[in-house]
Amino acid sequence: MAQALATTLVVASLYALLGAGYVLVYRASRVLNLAQGDLLTLGGYFLFATAATFPGAPVLALPLAAALSALTGVLVYVALMRPMAGHPVFAAVLVTVTLGILLRAAIVLVFTDRTRHPLQNLGLSNPPRPLAGGAVVSTFDLVMVGAAVAFFAALFVFLKVSPLGIRMRAAGERALLASQRGINFHGVFALSWALSAFAGGLAGMIYSSNVRLEPSLGILGLRAFAVALVGGLDSLGGVVPAALLVAAVEVASVRWGNPLLSDVSPFLCLLVMLLVRPWGLFGTKEELERV
Amino acid sequence: MAALGGGYFKTSYEADLALVDTRLRRVALGALVVALLVLPRFASGFVLDLVSQAAFAAIGALALNVLTGLAGQISLGHAGFLAAGAFTTAALVERGLVSPLVTLPATALVGGVLGLVVGMPSLRLKGLYLALGTLAMHHVVLYAAGEMQARAGGNTGFTIPPPRLGGLVFRGTVAWYYALVVLAALVLLLVVNLQRSRAGRAWMAIRDRDVAAASVGIDVARYKLSAFVWSSVVTALAGALFAYHRGFVSVEAFGFFVAVEYIAMIIIGGLGSALGAVLGAAFVTLLPYVIDALVAGVSPDAAQYYVFPAKFGAFGLLMALFLLFEPLGLVGIWRRVRNWFALWPFRHRPLRASS
C-alpha cells in the first residue's frame, strides 16, 4: 500500500509537469499541444547531448539542456503557432501533431533510435531509496517529485506576484483586452510556450535519467493530456489534483486490475470527465456549447 | 470553359444533374477507367499492390472526409473505427463464421453502433473536446482489441483466410486490385452523390454554422449522429477489407499514427472535397515509396539508417506546409492551375467560381 502511494506520487509528478505544459500552451494559444510528449523526449535528448559534451559536469549539462528546451518552445511559437493565429483550432492542433512527427524524425536522424542512458555520461548514479512503510523508490523518482513541487511553487509565485506573471494571466484570460492595455501578448505567449517546453523537457530529463531514453517516449505525453482535461484545460491549479487522480486510477488499475489497463486508464478518466463535466474539475464553464 | 462573359448555362435538368458535365471530362474519365482496367496487363505486381493500397486508403479517407470535411466533426479516432472493423471480422472468423456474407454485415453493424456511441458526445462537445473524446475512444477500442488478441491470438495476431463466396476464392494481387479499385470507385460515387443530397447539404450547413443550420430547420443532432454513423460504417467495412486483404490482423497496425495519416490525407488532398480525399490518399500512400527510391538513389549505404526518419520527417513536413500555406490542399492547387490555363490571358474568373 505504501508502495502504491509512493508510485502514485511519482507518476503524478510526471503527469503534473506534462499537464502544466498542456495548460500553459492552451492558455496562450487555445491549442492542445499534441507534441508535448515529443518535447519531453527532446528534453531527454538535449540532456544526453549536453552530458556527452560536458561529461561528469551535471552542473553545466542540466541547466544547458533546460535552456535548450525552453528555447525550443520559443522557436515553436514563433515559427509554427504565430502563423496559425486566425486559422481553425483544428488546423493548429494538427500543426502540433506534425511538430511531434518532425521532432521525432529529427531525433532519430541525429541520435538514431538506439536506447540511451544519459546518466552514464553525467557521472551520477540512481540508487534505490527505502521510504517509511516499506516502499522503495529510486533517487530520480524523488527528484521527479521534487522538481514538480519546485516547478509548481515557482510558477505560482511567478503568476501571483511578478508583473510579468500577472500580464501572462491577463493575456491567457482574454488576449484582446490584454493587448489593448498595452501587454505585449506575443512576448507573453512565447514565454508561455517556453515555460511549457521547459516543463516537458524537465520531465523528460528526469524520466530519461531514471528509466531510459528512446524516441518513442512521446506516448507518455498523450497519456498526460488526460490530466490537463480532467483538471480543466485552462486551469493551472487543476493540474495537481487531476494528476494525482489520474495517477491513482492508473496505479490502482495496474495493481488490482489488468496491467494492460495502464495504457488506457487515463483515457477512461478522460471519457468519464467528458461525459460528466467536460470543462474539467476547475476549468471555465462557458467554453461549452450544446446542441 | 469557353463562355467567359457570362459563366456557364445549363439548359436542361439532365445537364444540371450530370456528374460529368463537359465532353473533355467525359473523355478524361473514360480514359482513366480504361487505364485502370488494362493496368494489370502491363504493370508489375508491385505497382498493382501500390494502386490497391491507394484505393484502400481512399475508401477510409473518403469516409473520414464525410465526417470531418463535410460535417465538420473532428475525429482523431479513425484508426479506432478501422480496428473495430478488422477485429470484428477476426473475431467472427475465429469462431468459424468465415463467409463475407456474415462478417461484412456484422462489421457494418458494429461500426454503426460504435459510430453512434462516439457520435453521442458530439451533441454536447465541439472542436477540441470532441477531438479528445474520439482520441480516447481510439485508445479504448485498441485496448479491447489488444485484450482480445492476448486472449485468443497467442499475442501475435489473427490470421484471416481469403474470403470465399460460393465456389469463388478471392486471392492474388490482380483480384484484389480489381476489388479495391471498384469498391473505392463505388464509395467515391456514393460520396459525390451524398454531397449534393439533402444529407450532404445539411452536413455542410452544420459545419459552417450549426446555429444557422438549426434555424433553417435542420435537425442538428440527427445529422451529426448520421455523419458519425455513416463514416464509421464505411470505415469499419474498410477495416474488414483490410483484414481480408492482408490476411492478418494485429493491434500494432492501428496506432495513433494511422489516424494521423488519414487526417493528413484529407488535409493534403483538400478538406471537404471527394476528389481531394482520393488524391490525398494516393499521395500519402505513395510518398514513402517515393522517398525510399530517392534515398536509395542518393546513397544506397546510408539508406537503411535514414529511410525511416526521412519518410517520417517528409510526411510531417508536407503536412505542416499544407496546413500553413495551402489549406485547400492538392485540389486547391489543381483548381488554380486549371483556372490559370482556362482563363489565360485573364487572371480571374468573371463570376460564380464553381468547382
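I began at the end of a helix in chain A, where A:Thr112, just after H4(A), takes a positive phi of about 60 degrees. For the label I noted that helices (H or I, at least four residues) and strands (E, at least two) are DSSP runs, numbered from the N terminus.

Before going on I wrote down that this is a predicted model, in which local features need pLDDT of at least 70 and side-chain atom pairs count only at pLDDT 80 or more, while totals for chains, interfaces and linings use all residues. Residues are numbered from 1 along each chain as its sequence is written, and chains are lettered from A and ligands numbered from 1 in the order in which they are written.

**Helix H4 of chain A**

I looked up the helix itself: H4 of chain A covers residues 89–111, 23 residues, and spans 33 Å from its first C-alpha to its last, close to the expected 33 Å (1.5 Å times one less than its number of residues). I then checked its cover and found H4(A) mostly covered, with 17 of its 23 residues buried; buried stands for 20 or more other C-beta atoms within 10 Å of the residue's own, exposed for 12 or fewer, and partly exposed for what lies in between, with C-beta atoms placed from the backbone.

I picked out A:Ala106, which lies in this helix, and noted that A:Ala106 is partly exposed because 18 other C-beta atoms lie within 10 Å. Its C-alpha is 9.7 Å from that of A:Pro215, although the two residues are 109 apart in sequence.

**Chain B**

I turned to chain B, which has 14 helices and 4 strands. Its radius of gyration is 21 Å, close to the 20 Å that the globule rule gives for 355 residues, so chain B is as compact as a globular protein of that length; the radius is taken over C-alpha atoms, and the rule is 2.2 Å times the number of residues to the power 0.38. Buried residues make up 43% of the 355 in chain B.

**Where the chains meet**

I asked how many residues each chain gives to the contact. Chain B gives 39 residues and chain A gives 31, two residues being in contact if their C-beta atoms, placed from the backbone, lie within 7 Å. On the side of chain B that touches chain A, the elements giving two or more residues are helices H6 (127–152), H10 (220–246), H11 (256–269) and H13 (303–325) of chain B.

**Confidence**

I closed with the scores of the model, which are ipTM 0.83 and pTM 0.87.
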